Amino acid sequence: MNTPHKFDTITIIFNPNSTGDAPKLAGELRDDLVPALPETDVRLQPTEHAGHAVELARMAASAPNALIVSVSGDGGYNEVVNGVMASGSDDAVCAVLAAGNANDHSRVTGRKPLAEAILEGHVRRIDLLRISIDRADTAPVYAHSYIGFGLTPVMAIDLEKGSKGALKEMFSVVRTFSKFKPFEIRQSDRKRRKFDSLVFANISQMAKYATLSEADDHPADGKFEVIIFPHMAKWRILLTALRATTKGLGDQPSYTQYRFSTLKPMPYQIDGEVKSVETSTDITIDSIPRALSILG
């Protein structure tokens, strides 16, 4: 068994203006850790603006023997992961304390309460997804859970326009689905193909309820699953989505790399956050094996 890891610094990053419980949960975690780890510098680090967590995590990870905790949902954790990767540190460790809406990564990969996991100090490594966009001014971005094109980001955009709440979410989904149109890409074999949804998944579940694949719950196999909805009648999409939330979609093909080109500008979703790519853009999705040290 590996020797339990002891940290010199623990930085707890959270959004003080969160509509959820992030400030409260961050403070409770610090209060649990300070008396239990008297030789460790445990600090709260609130963010000040969107994207600030990337810089805070990069700076925190540059210190030796550091643990960086994101008290957030999947989007906030994505920023922390990208900050740690940008630091170039070989020994920085990440963790997430769920304080968001879906919390897919925490729900799927978590093994025990975070404070308990930190005190035990059993660190493991997981794969990351990396999306590279062939433009000189665009650096690669990492994802801990998934990258989605088609229905996934379009639904997310519409949900963000409305208010939170199960009933309003349902009406947003129905409204968006009724207007949704498929997208077309050019794949690496140079053929054009039309899809309703294309998801690259590092975990087996997303969006609270959907089971995408039979992949291992602890992603460290050097591959990702590709869940494809080719263009089909909308009633068939609904049946497939229903299957995902009940039985699951079963085994899905896995890849170490997937390449394609956009034919029109289009949004995509990365760990819950929506971004966009321009037309005639070459995109490469890679699995980066065992890229991130985590606990929890």
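Student: Which residue does arginine 193 meet in a salt bridge?

Tutor: Happy to start there, and keep in mind that this is a predicted model. In general, side chains of opposite charge can pair when their charged atoms come close. Here the gap from N to O is 3.0 Å, within the 4 Å allowed for a salt bridge. The partner of arginine 193 is aspartate 189.

Student: Is aspartate 189 buried, partly exposed or exposed?

Tutor: Let's compare its accessibility with the limits: buried is under 20%, exposed is over 50%, and partly exposed lies in between. The relative accessibility of aspartate 189 is 40%. Its partner, arginine 193, stands at 30% and falls in the partly exposed class. By these limits aspartate 189, too, counts as partly exposed.

Student: How many salt bridges does the structure hold?

Tutor: The pair of arginine 193 and aspartate 189 is one of them. Another joins glutamate 55 to arginine 58, with the closest N and O atoms 2.6 Å apart. The count for the structure comes to nine.

Student: Where do glutamate 55 and arginine 58 lie?

Tutor: Both are partly exposed, glutamate 55 with a relative accessible area of 34% and arginine 58 with 33%. Three residues separate them, about one turn of the helix. The element that holds both, residues 52–61, is helix α2.

Student: How many residues apart are aspartate 286 and arginine 130?

Tutor: These two form a salt bridge whose closest N and O atoms are 3.4 Å apart. The pair links distant parts of the chain, with aspartate 286 in strand β17 and arginine 130 in strand β5 (residues 124–133). Along the chain, their separation is 156 residues.

Student: Which residue of that pair counts as buried, aspartate 286 or arginine 130?

Tutor: The limit to use is 20% relative accessible area, since buried means under that value. Arginine 130 has 24% and is partly exposed. At 10%, the one that counts as buried is aspartate 286.

Student: Strand β17 also pairs with β14, I see; which residue in β17 stands opposite phenylalanine 260?

Tutor: Strand β17 covers residues 282–294 and runs antiparallel to β14, with five bridges joining them. Strand β14, residues 257–262, is also joined to β8 by three bridges, again antiparallel. In the β8 pairing, isoleucine 185 stands opposite threonine 262. In β17, the residue opposite phenylalanine 260 is isoleucine 283.

Student: Why is the pair of tyrosine 255 and tyrosine 258 given its class, and what is that class?

Tutor: A pair of aromatic rings is described by the distance of the centres and the angle of the planes. The ring centres of tyrosine 255 and tyrosine 258 are 5.4 Å apart. Planes over 60 degrees apart put a pair in the class asked for. With its planes at 80°, this pair is therefore edge-to-face.

Student: What is the angle between the planes of tyrosine 258 and phenylalanine 260?

Tutor: Tyrosine 258 and phenylalanine 260 are both buried. Their rings belong to a cluster linked by ring pairs, whose members include Phe149 and Phe200. The two rings lie 6.3 Å centre to centre in an edge-to-face pair, and the angle between their planes is 65°.

Student: How many residues in the lining of the largest cavity are charged?

Tutor: The largest cavity holds about 40 Å³ of space. Its lining consists of His5, Lys6, Phe7, Leu37, Thr40, Ile118 and Leu119. Four of these are nonpolar and two are polar, while the number of charged residues is one.

Definitions and conventions
Residues are numbered from 1 along each chain as its sequence is written. This is a predicted model: local features need pLDDT of at least 70, side-chain atom pairs count only at pLDDT 80 or more; totals for chains, interfaces and linings use all residues. Side-chain values use heavy atoms; hydrogens and water are left out. Two strands pair if DSSP finds at least two bridges between them. Helices (H or I, at least four residues) and strands (E, at least two) are DSSP runs, numbered from the N terminus. A salt bridge is a side-chain nitrogen of Lys or Arg within 4 Å of a carboxyl oxygen of Asp or Glu. Buried means under 20% relative accessible area, exposed over 50%, partly exposed in between (1.4 Å probe, protein chains only). On a 1 Å grid over the protein atoms alone, a cavity is a set of points where a 1.4 Å probe fits but cannot get out, and a pocket is an open set with protein on both sides within 12 Å along at least five of seven lines; lining residues have an atom within 4 Å of a point. Grid points are joined across faces, edges and corners, and a volume is the space filled by probe spheres set on the points. Ala, Val, Leu, Ile, Met, Phe, Trp, Tyr, Cys and Pro count as nonpolar, Asp, Glu, Lys and Arg as charged, and the others, Gly among them, as polar. Rings of Phe, Tyr and Trp (its six-membered ring) pair if their centres lie within 6.5 Å; planes under 30 degrees apart count as stacked, over 60 as edge-to-face and the rest as tilted.
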